[in-house]
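Reader: I should like to study this structure through a few questions. Please explain each term as it arises.

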Amino acid sequence: MTTRALSAITTVRAVALGYAPRALQARGWVLCALAVLPVALSFVGLMIGRQFGNFDSRLALHLFHGVLAALILPIMVLVAAPGGIREDLEQRTLPLILVRPVPVWILPFAKGLVWFVWGALWLAAAGLGLMALGANPASALLQALALVLAFWAELAFMSLLVLVFKRGTLWGALVLFGWESILRVLPATLQRLTFLHHIESISGSRGGMVADWEILAQEQITSPVAVSILALVLFGALCWALCGWKLQRTPVGLAGREAEG
């Protein structure tokens, strides 16, 4: 292994371990609540509904697609991404990290890794918790995997946007809630360029069907599970690499316009 690779690994370990306590502060517990509360509240509602003989057997499926994948996951990404390297640029604390010579390009990933691991932990718990709502174990495992991989890709993508653009959070929200929401009226090729397409392909189910009156709607397609997994993993890795490239080219100092985007 090369000296550069060893230096990068050492930096990732040191930054991630030093930054890990931040996950136990307010932002981290917000991520936890966002992931877990919908499942917990749905379970309480299911128990109440069963007592009165009124409950939906497809509750787990509706919750996964309509709430966790479509709403909770994007919100978690919007909350977590600004807590990475962008926070150091805005608060001008990045020079304190660079007191010792370190590979600058690895810092966005090193700090983002903390938020990914923490968020993925609770998303996996939420996905597996769907078994308590009636999902079979195989489906719940695939749903948990889809949430974790989508979080990896979306977090990397959002981290890149907030690093490149001054209003990166706004642009990210437009993508996650705008572009993704029109998935069902996109041609097949464009459907593959959405996170939701790969979430549905991995989980093996869809959140809803196209109504007959939606005359612009295109045929819904499904990618092989392995392809969707690879697509999310590689896209996330590419975005983290671009984050490192962008930071490497950004002038960093105790004062200056770099903190203003």
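Author: UniProt positions are given in the numbering used here, feature names are shortened, and annotations may be inferred rather than shown by experiment. The model is predicted, so local features need pLDDT of at least 70 and side-chain atom pairs pLDDT 80 or more, while totals for chains, interfaces and linings use all residues. Residues are numbered from 1 along each chain as its sequence is written, and side-chain values use heavy atoms, with hydrogens and water left out.

Reader: Which residues does the UniProt annotation "transmembrane region" cover?

Author: The annotation comes from an unreviewed UniProt entry. One of its spans, residues 60-85, is 85% helix and 0% strand (helices, H or I, are DSSP runs of at least four residues; strands, E, of at least two). The residues covered are 26-48, 60-85, 105-133, 145-165 and 221-243.

Reader: How far apart are the end C-alpha atoms of residues 221-243?

Author: Over this span the chain is 83% helix and 0% strand. The end C-alpha atoms of residues 221-243 are apart by 31 Å.

Reader: Is E200, which forms a salt bridge with R206, buried or exposed?

Author: A salt bridge is a side-chain nitrogen of Lys or Arg within 4 Å of a carboxyl oxygen of Asp or Glu, and the closest N and O atoms of E200 and R206 are 3.8 Å apart. R206 counts as partly exposed at 24% relative accessibility. Buried means under 20% relative accessible area, exposed over 50%, and partly exposed in between (1.4 Å probe, protein chains only). With a relative accessible area of 6%, E200 is therefore buried.
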